[in-house]
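Hi,

Here is the structure I promised to pass on. Have a look at it first, and my notes on what turned up follow below.

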Amino acid sequence: MARPDKHRHETGEATGKITLSGTGDATARSGGSAVSGYLGPAQGAGGDVGGPTFVSQTGRTTASGSAVANSGYIGALSMQQRAPQEPAPRPHQVGVIPRLARSFQNRAGADQLKQTVDNGGTGVLTQMLTGMGGVGKTQLAAHYARTAWQDTSETGALDVLVWVTASSRQAIVSAYGQAGVELCRGDPNDSEKAAASFLAWLTPKAGAARCRWLIVLDDVADPTDLDDLWPPASPQGRTLVTTRRRDAALASNGSRMIEVGQFSEEEALAYLIDAMPGHEEAGAELRALADDLGHLPLALAQAAAYMADSGHDVAGYRGLLADRATKLTEITPDTLPDSQAIPLAAVWSLSIDRADTLRPGGLAGPMLALTAMMDSNGIPENVLTSEPALRYLGDRRAAATGASGASEGRTRWPWGRRRRQGQPVPVTAKEAVEALRALHRLSLVDHTRGGSARIHQLLQRAIRDRVSVDGHARLAHTAADALVAAWPAAEHDQQEAARLRACTLALEYRDSTSALWVPQGHDVLFRCGLSLGAAGQFTAAGEYFARLERTAVASLGSSHPQALAARANHARCRGRAGDVTGAKRAFEELVPMAVRALGSDDPVALSIRAGLAFWQGQSGDVEEAARTLQELLPDMVHVLGHCDADTLVIRHEIARRRGQAGDAAGAVEEFRELLADMVCLTDHNDPHFLNALHNLGVWQGRAGDPAEAVRELEGLLPRQTRALGAEHPDTLTTRHELAWARGEIGEVATAAAELERVLSDRARVLGPEHPDTLTTRFAISHWQGEAGDAAGAATALAGLIPLMVKVLGADHPETSTARLTHGRLLGQAGDAVAAVDVLRALRCDQDASHGPEHRETVVTRAEIVHWTAHAGDPVIGVEGFTELLPVYERVFGPDHGETLTIRTNLAHWQQETEDANGAIAALEVLLPHQVRVLGEDHPDCLATRANLAYWHGQAGDATSAARIYDQVLPDLIRVLGPEHPFALTARLDSVHWRRRADSDGNGAVTQ
């Protein structure tokens, strides 16, 4: 046998077996040695042997403590005990503080870190910097540690600083052990014991010398890694932890959590300017780049490095980033800046893998994939717990589980694999929420229970980059199905509706495979556009449907029902935004296309035909609209049934058009018949039924019975509140109309107060610029004028009109009404000249947009005549209204309310000329029209009869005057009450003219 070389070995610990050939058994206890057999030349220092060494044909040995056990022949073995190391002089640093980034930003979080000790100054404040990967937690901690280490003040100077890379328990123990060896004579051969010695050394002791220390535990991956390893409480000690975890266990023992988010907009811009010299002038581009990268510090750093290496300018890099075919890995620099270890695309991988191991196992990854398809700023929880989402999670759990039920390895991302055969495992809504909480604990999402989940846009991008084409298509359909399932039929909560729309728009943008158009457009695409319209965002909704129409035509063809439906919705939104004439023309073109492609009885074609009727009416062609609706109704009944909701909507529109045609009383009857037939809906809380009740009340008021309107709307309001909610837009509309009706019965102060409350609620629920909110602001101005403050009302409208132009458009009917009312109020305030100027400007716009005989234009023409005459020449009023009367009869019809108003104004100005006979003639022509349209007991009819009596008297016919007064007075008392001012005036006039008639009869004049 060859002579063995000499072997020298310091004491250490063998944690495995050493087996040598040709030996027997040997056992060694702590501090001793056992040798059996031959060991060749070897020399080692004290430390851990991490695994067994096997040599053939040897016996077994066992070593414990600091012993060495050998089985085999050793020529010579020398053992030497290391002497304890003397404590290092202070101040002393253990571990290396990471180098600060070249363009480090001193952020708001750095100021929070300075507040380390509570006000009493007696206890340590352990601080936690928590946040997603890439936000710069380590950089903030390094800046804080370096600042503290460089502090030489008597009260702040540190004696000991320990920087621990705390990614595992072993790493923490190793760092603590090193500190124990260097500072308190810890055992260099036993890290656990040395770490324990270090923690014991940190513990405050009576009479011990002062030692100020700071321990930084950087990147704690698991709270359990710190079990029994937390630095002790000490008045001289400070502990700073950085972690992605947000577990409750980390927040115990008086520690303070500091959420570290992305850079602010200004911080991100400052970073890019500093990191990219020569780009200072491209401020707008840099801001846009910072927005594209979500202000994430790590992303900004790697983007700046990539541009410097590749030569791309900011616009070019943004183009790469916007290209859905470009993956994050393709725009990462080859050499990472600032000693970074992980590229952006992989920075979240470990967190995702760890989240998937938390309860409920295997669901966090698929849940994160689902969130990657929607809006990063907030995904409603009920979307992620909807039935389609739960079904998807169950399928993924089944795919990630083998036939034996064992979970597959977690190092791969389960949503990127091909789905395996297996039965889905049902997932509950509770488990889905738990998956969100697991992601929240790892700072991958920000989740508010019962609220929403937020996720950084670049994390979403990294996740989508890992998904296969097939997986992407399934994710897109799952997200779309989940949004539809969560979308309420009635959008009570406008904020929730806005989040659903944002998620849909994000999903549509991220659908790089056009999966949402296979086999046809997904329902969520149309639901989003309809929601925009329901929120009053008519211009945005029109643009959305125009884009949807182009996509539908390209994907499905111009004759496909969805292409036609998108075009129809585009036209509707165009009309709602103010272009009523354009909407009507669009439907006139669309109807023959739909009928030719689909047939006149197709549901889509029927809807388009209904749209034509609606916009015919809105454009002023009420009679044509009524004819279209009457032709449409039998087809609707034939195809959809008498009680179908769309059929009932047509009947609803027929009733409205009858009222708009001037037959308010007929509209009331139509609505009563409609409500009687609506019992077939069975649910009297159906929005269509409640809407019909609403319009019944409104048209009762317009038919001259505002008191009945008040009663009807008062009865409706609590039903709507129970069925739809107190803040539903329909409920707020009923409150608005009820307040208006109260004003009509003389309760002006009550009307104004209630409208102020409605305004507050509409502004809060719908937004300050929603069309309904603007309508209420207009109503408040109206009743302010009716209360006698015409000047104040005119000023309020002057401020409102520009906002209406911005939101609704200059040509929108409500904008025109506001401008008309503004001119009217100026006249009522005594400035007839200003009123005429405002009205002439309005007419000029209306002539250009609609033509001289559009219904809005002719109403403005009538106001111009009225205020021109009011400025000093009543003859102008007579001539002007005489000229306008046939125009009104053509435009509105002979018995329309607006035409009746022209007749009334003609009679008024005839009276103002003091031409008694002309006034009588005008009133006698007016009265039968009023009786036919309004009814004999309408106050306007009674006023006309009283005026006839007056002018008969003024014409010298006291007998006729007295007779007419005698006839009208009982009706005035019956309708208005004996104490009404009009009735009292009529009684006095009746007495006067009766005496005059008697005097004329006997030749004597009675005073």
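Before the cavity notes, one convention: Ala, Val, Leu, Ile, Met, Phe, Trp, Tyr, Cys and Pro count as nonpolar, Asp, Glu, Lys and Arg as charged, and the others, Gly among them, as polar. Please also keep in mind that this is a predicted model.

With that in hand, the largest cavity is easy to describe by class: its lining has eight nonpolar residues, two polar ones and no charged ones. The residues around it are Leu 293, Ala 299, Gln 302, Ala 303, Tyr 317, Leu 328, Ile 331, Thr 332, Pro 333 and Leu 344. Helix α7 (residues 297-310) provides the largest share of that lining, three residues. The volume of this cavity comes to about 70 Å³, and searching the whole structure gives three cavities of 30 Å³ or more.

Then there are the pockets. The second largest one has a volume of about 1200 Å³. It has 42 lining residues, and those nearest its centre are Gly 134, Thr 138, Asp 219, Arg 244 and Val 347. By class, the lining of this second largest pocket splits into 20 nonpolar, 13 polar and nine charged residues. Which element gives the most to this lining? That is α2, with four residues. Elements that each supply at least two residues include α2 (137-149), β16 (160-165), β17 (213-220) and α9 (349-357), and α7 is on that list as well.

One residue I looked at in detail is Thr 243, which lies in strand β18 (residues 237-243). Is it buried or exposed? Thr 243 counts as buried because its relative accessible area is 0%, and the cut-off for buried is under 20%. Its side chain reaches the backbone oxygen of Val 220 at 2.7 Å. A polar atom of that same Thr 243 side chain lies 2.9 Å from the backbone nitrogen of Arg 245. Leaving aside residues up to four places away in sequence, Thr 243 touches Leu 129, Thr 130, Gly 131, Lys 137, Val 220 and Leu 250.

Finally, the overall picture. The chain has 1007 residues, and 51% of them are buried. There are 39 helices and 22 strands in it. Of the contacts between residues at least 6 apart in sequence, 68% join residues at least 24 apart. The chain exposes about 44700 Å², with carbon and sulfur atoms supplying 50% of that.

Cheers

Note on methods: Residues numbered from 1 in each chain as written. Predicted model: local features only at pLDDT ≥ 70, side-chain atom pairs only at ≥ 80, totals over all residues. Heavy atoms only, no water. Buried < 20%, exposed > 50% of the residue type's maximum accessible area, 1.4 Å probe, protein only. Polar contact = N/O pair within 3.5 Å; in protein donor to acceptor, adjacent residues only side chain to side chain. Contact = heavy atoms within 4.5 Å. 1 Å grid on protein atoms, 1.4 Å probe; cavity = no way out; pocket = protein on both sides within 12 Å on 5 of 7 lines; lining within 4 Å. Points joined across faces, edges and corners; volume = space filled by probe spheres on them. Areas by Shrake-Rupley, 256 points an atom, 1.4 Å probe, with all protein chains shown as cover.
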